[in-house]
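Here is a guided walk through one protein chain, written to be read with the structure open beside it. Let us start with a pocket and work outward from there.

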Amino acid sequence: MYAFVAPGQGSQTPGMLAAWLRDPGHAGRLRRWSEAADVDLVHLGTKASAAEIARTENTQPLLVAAGLLAHEALATFAGPAEPSVAAPGPAGTAPGSAVVAAGHSVGELTAAVYAGALAPADAVRLAAVRGRAMAAACAETSTSMAAVVGGDEPEVLGRIGELGLYAATFNGPGQIVAAGAVEDLDRLAAEPPPGATVKRLPVAGAFHTPYMESARRTVAAAAARTPFLRPTGALLSNADGRIVSDPDDLRTRLVEQLVGPVRWDLCLDTLGRLAPDVTVCLPPARTLAAILRRQLPELTAVSANGPRDLATVRKRLDAVRERIGAMPEQPAPVRERLDAAGSRTAPAPAPEEGRAHARL
């Protein structure tokens, strides 16, 4: 089994696509995606400054494009046994045993392509709509986010709720991101929960909270016009870490993600239970690779930051393919592995339930 994990906002770096664009094939894809998304991804990925690519409307399509350049390259390495890496499969195909995909926040659009549920151009287009809508929502109210590291989780959540803030992202044990009004974040930093430290994040607003409601409506309209397929691989949802197999459910979850917390901790929990033979950290890989090493050190992970890394990724994937092919009995499919490990997540909360949880 192979896993692919895609990063979210904050992992971008200037010039991150320059090496990819030396290949005419990659350059052509990026130009087509730029037209589809109405954003100059070539400029953003090569010449744009750190400040320019940090703007939400630019960051999100840029990150998805980076992960999908790797997807296009890996598709040329994949043999016939790996159709869900190469392209979306036919509607009605059940999730297979080969590919697991997960993405952090906007990276979930990248992951949907790897799982065979979304076409690359549609993923980049949705990321651009999402980024512009979230940037507009950020301009409505002065909000931001802050990482709360350490402390006892119930006390951290209690303090966040006491200040009228939201727990917007759960990255793992002792790593919760609070979001809300700037003045309330200032109060959190001045009086953090016992044993915790607070670090303000350089973001434009309170992502994954009700402050993004106007963006949710815009993205919902765009997603309604976008074709989604039944995943051919196992796609893990940010809402609860569960495998999503229904196209309409996936569409709903991707939209509601804008106003609900990202449960990356539960995605990692599921990934650990599935125990893939190789986990590929998609570009830009540094942030998620560090989280993976820290929280799931037992997994074999390889980073695909640029085209030079793809040969190493190919060798790892080929080695797993050969080992599995030599087994007298094939490994259990994804769902059987997860069932054997035991269920540990509740169904995805409705928006209001998610908000209540965030305000504990």
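The largest pocket in this predicted model encloses about 800 Å³ of space. Its lining is made up of 31 residues. Which of them lie nearest the centre? They are Gln-9, Gly-10, Asn-171, Leu-201 and Thr-287. By chemical class, the lining divides into 15 nonpolar, 13 polar and three charged residues. Five elements, namely S3, S4, S5, S6 and helix H13 (286-295), each supply at least two residues of this lining.

**The sheet**

Strands S3, S4, S5 and S6 turn up again in an open sheet of five strands. Their order is S6-S3-S5-S4-S9, and the pairing is mixed. At the edges are strand S6 (196-201) and strand S9 (262-263), each of which pairs on one side only. Helix H12 (residues 264-274) packs on the sheet and touches S4 and S9. The direction of H12 makes about 25 degrees with that of S4.

If you would like a good place to pause, try strand S5, which covers residues 175-181. How many of its residues are buried? Seven of seven are, so the strand is mostly covered, with buried meaning under 20% relative accessible area. A general point helps in reading any such strand: in a regular strand the side chains alternate between the two faces of the sheet.

S5 has a partner in strand S3 (residues 143-150), and the two pair in the antiparallel sense over seven bridges. Along this pairing, Val-148 stands opposite Ile-176, while Thr-143 has Ala-181 as its bridge partner. S5 is also joined to strand S4 (residues 166-172), again antiparallel, by five bridges. There, Gly-172 is the bridge partner of Gln-175. S4 and S5 form a hairpin with two residues between the strands, and Gly-174 in this hairpin takes a positive phi near 75 degrees.

**Backbone details worth a look**

Gly-174 is one of several residues with a positive phi that you can pick out in the model. The table puts four of them side by side.

| Residue | Phi | Setting |
|---|---|---|
| Asp-38 | near 60 degrees | loop between helix H1 (24-37) and helix H2 (41-46) |
| Ser-105 | about 60 degrees | loop between strand S2 (99-103) and helix H6 (107-114) |
| Gly-116 | near 85 degrees | follows H6 |
| Gly-174 | near 75 degrees | hairpin of S4 and S5 |

Asp-38 has its positive phi as a residue other than glycine, and Ser-105 is not a glycine either. Are these two residues buried or exposed? Asp-38 counts as exposed because its relative accessibility is 64%, over the 50% cut-off. Ser-105 counts as buried because its value is 11%, under the 20% cut-off.

The loop that holds Ser-105 leads to helix H6. H6 is mostly covered, with eight of its eight residues buried. Among them are Gly-107, Glu-108, Thr-110 and Tyr-114. The list also includes Leu-109, Ala-111, Ala-112 and Val-113.

One more backbone feature deserves a visit. The peptide bond from Pro-283 to Pro-284 is cis, with omega near -15 degrees. Where is Pro-284? Its place is in the loop between strand S10 (278-281) and H13, and H13 is one of the elements that supply residues to the lining of the largest pocket.

**A residue in helix H10**

Next, look at Ala-223, which lies in helix H10 (residues 213-224). Ala-223 counts as buried because its relative accessible area is 3%, under the 20% cut-off. What does Ala-223 touch, leaving aside residues up to four places away in sequence? Its contacts are Leu-126, Phe-228, Arg-251 and Val-255. The C-alpha atoms of Ala-223 and Leu-254 are separated by 8.5 Å, and these two residues are 31 residues apart along the chain.

**The chain as a whole**

Stepping back, the chain contains 16 helices and 11 strands. Buried residues make up 54% of its 360 residues. What share of the contacts with a separation of 6 or more comes from residues 24 or more positions apart? Such residues account for 77% of those contacts.

How values were computed
Residues are numbered from 1 along each chain as its sequence is written. This is a predicted model: local features need pLDDT of at least 70, side-chain atom pairs count only at pLDDT 80 or more; totals for chains, interfaces and linings use all residues. Side-chain values use heavy atoms; hydrogens and water are left out. Buried means under 20% relative accessible area, exposed over 50%, partly exposed in between (1.4 Å probe, protein chains only). Helices (H or I, at least four residues) and strands (E, at least two) are DSSP runs, numbered from the N terminus. Two strands pair if DSSP finds at least two bridges between them. Contact means heavy atoms within 4.5 Å. Axes are lines fitted to C-alpha atoms, for helices over the stretch in contact, and angles run from 0 to 180 degrees between N-to-C directions. On a 1 Å grid over the protein atoms alone, a cavity is a set of points where a 1.4 Å probe fits but cannot get out, and a pocket is an open set with protein on both sides within 12 Å along at least five of seven lines; lining residues have an atom within 4 Å of a point. Grid points are joined across faces, edges and corners, and a volume is the space filled by probe spheres set on the points. Ala, Val, Leu, Ile, Met, Phe, Trp, Tyr, Cys and Pro count as nonpolar, Asp, Glu, Lys and Arg as charged, and the others, Gly among them, as polar.
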